[in-house]
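Reader: I would like a close look at a single part of this model, namely how its helices pack against one another. Please take me through the contact residue by residue, and then through what surrounds it.

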Amino acid sequence: MANHKSSLKRIRQTKVKALHNHYYAKTMRNAVRKLRAMTDKDEAIALYPKVQKMLDKLAKTNIIHKNKAANLKSSLAQHINKLD
């Protein structure tokens with residue numbers, strides 16, 4: 001157990017931030033999964049900007065790495081282009 005007041009506070013803050021980050025990362029994963037499962041091109045094109053915006057925001061706040069966001073956006077764009 002921590003011995004200093006500041007380290008106890010740091011532990012509390014870390015728990016809150018980790019919970020916050022896990023929520024947004026999971027929301028992003030679900031959105032990506034939903035977009036990949038789509039078979040209608042028009043719906044996928046409509047959803048893609050929202051997912052793209054979400055990925056950019058998470059990369060900006062270091063919840064995910066910027067290269068991961070770029071790779072996801074690229075693969076999703078390829079998925080949309082392959083749809084009929």
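Author: In this predicted model, the contact between helix H2 and helix H3 is made on the H2 side by Lys-41, Ala-44, Ile-45, Tyr-48, Val-51, Gln-52, Leu-55, Asp-56 and Ala-59, which meet Lys-66, Ala-69, Leu-72, Lys-73, Leu-76, Ala-77, Ile-80 and Asn-81 of H3. Sorted by character, the residues of this contact comprise 11 nonpolar, two polar and four charged.

As for geometry, two packed helices are described by the angle between their axes and by the distance between those axes. Here H2, which covers residues 41-60, and H3, which covers residues 66-82, pack at an angle of about 175°, and their axes lie 10 Å apart. Because angles over 145 degrees count as roughly antiparallel, H2 and H3 are roughly antiparallel to each other.

The surroundings of this pair include helix H1, which runs over residues 5-37 and has 33 residues. From its first C-alpha to its last, H1 reaches 48 Å, close to the 48 Å expected at 1.5 Å a residue. Ala-25, Met-28, Ala-31, Val-32 and Leu-35 are buried in H1, and H2 and H3 are among what covers the buried residues of that helix.

Ala-37, by contrast, also belongs to H1, but Ala-37 counts as exposed because its relative accessibility is 59%, where the cut-off for exposed is over 50%. Ala-37 and Asn-71 are 34 residues apart along the chain, and their C-alpha atoms are separated by 18 Å.

Technical notes:
Residues are numbered from 1 along each chain as its sequence is written. This is a predicted model: local features need pLDDT of at least 70, side-chain atom pairs count only at pLDDT 80 or more; totals for chains, interfaces and linings use all residues. Side-chain values use heavy atoms; hydrogens and water are left out. Axes are lines fitted to C-alpha atoms, for helices over the stretch in contact, and angles run from 0 to 180 degrees between N-to-C directions. Helices (H or I, at least four residues) and strands (E, at least two) are DSSP runs, numbered from the N terminus. Angles under 35 degrees count as roughly parallel, over 145 as roughly antiparallel, 65 to 115 as roughly perpendicular and the rest as oblique. Contact means heavy atoms within 4.5 Å. Ala, Val, Leu, Ile, Met, Phe, Trp, Tyr, Cys and Pro count as nonpolar, Asp, Glu, Lys and Arg as charged, and the others, Gly among them, as polar. The expected span of a helix is 1.5 Å times one less than its number of residues. Buried means under 20% relative accessible area, exposed over 50%, partly exposed in between (1.4 Å probe, protein chains only).
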